[in-house]
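Let's take a walk through a protein model together. Keep the picture open as you read, and try to find each spot as it comes up.

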Amino acid sequence: MTNEAQIRMLIENWAAAIRNKDIDGILAHHSADLVMFDVPLPFQSVGIDAYRKTWDLFFKYTKPGVFDITELNIIADEQVAFCYATMKCSDKSSSDEFVELPFRLTIGLKKTGEQWVIVHEHHSIPGN
């Protein structure tokens with residue numbers, strides 16, 4: 001399997017874990033010293049424990065089962081890769097009803113042995 005195919009499967013499995021509220025699946029393949037930049041506070045989370053806590057807030061305001069990859073692009077060599085994607089979820093942090101929320105995702109990965117590991121994740125929403 002190519003590096004790109006391995007990474008695509010990893011990202012698709014991660015998104016499926018989010019749709020299923022499977023925290024172990026969400027955390028799988030993330031580095032212990034991961035750095036994430038996110039839309040809601042905290043702006044920056046460092047380490048797997050901090051990253052794990054961000055999902056409590058996410059699940060509080062988002063519609064279960066909605067976390068979809070619209071477009072995923074992968075650039076990889078044998079040791080380092082990054083992905084950028086457009087995504088959508090359904091959010092009610094600013095209203096009483098769920099509203100479709102398009103967002104952007106960037107992920108940085110490194111290969112350790114035969115396994116790809118996410119070391120950086122960045123979520124952002126388009127400005128108005």
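Start with Phe 37: its bridge partner in S2 is Gln 44. That pair belongs to a bigger arrangement, since S1 and S2 are paired in the antiparallel sense, with 3 bridges. To get from S1 to S2, the chain goes through a hairpin of 6 residues. Bear in mind as you look that this is a predicted model.

S1, which covers residues 30-37, also pairs with S6, residues 115-124. Here the two strands run parallel, and 4 bridges join them. For one spot to look up, try Val 35, whose bridge partner in S6 is His 120.

Now follow the chain past the end of S2. Between that strand (44-46) and helix H3 (48-61) there is a loop, and Gly 47 sits in it. Is Gly 47 buried or exposed? Its relative accessibility is 13%, so Gly 47 counts as buried, the cut-off for buried being under 20%. Who are its contacts? Leaving out residues up to four places away in sequence, Gly 47 touches Ala 32, Asp 33 and Leu 34. You can also check Met 36: it is 11 residues from Gly 47 along the chain, and their C-alpha atoms are 8.5 Å apart.

Last stop, the surface. Ile 75, Phe 82 and Tyr 84 make up a nonpolar patch there, with about 280 Å² of accessible area together. Tyr 84 is found in strand S4, residues 80-91. With a relative accessible area of 40%, Tyr 84 is partly exposed.

Terms used: Residues numbered from 1 in each chain as written. Predicted model: local features only at pLDDT ≥ 70, side-chain atom pairs only at ≥ 80, totals over all residues. Heavy atoms only, no water. Buried < 20%, exposed > 50% of the residue type's maximum accessible area, 1.4 Å probe, protein only. Contact = heavy atoms within 4.5 Å. Pairing = 2+ DSSP bridges. Patch = residues over 30% accessible without salt bridge, like charges linked within 9 Å, V, L, I, M, F, W, Y side chains within 5 Å. Areas by Shrake-Rupley, 256 points an atom, 1.4 Å probe, with all protein chains shown as cover. Salt bridge = Lys/Arg side-chain N within 4 Å of Asp/Glu carboxyl O.
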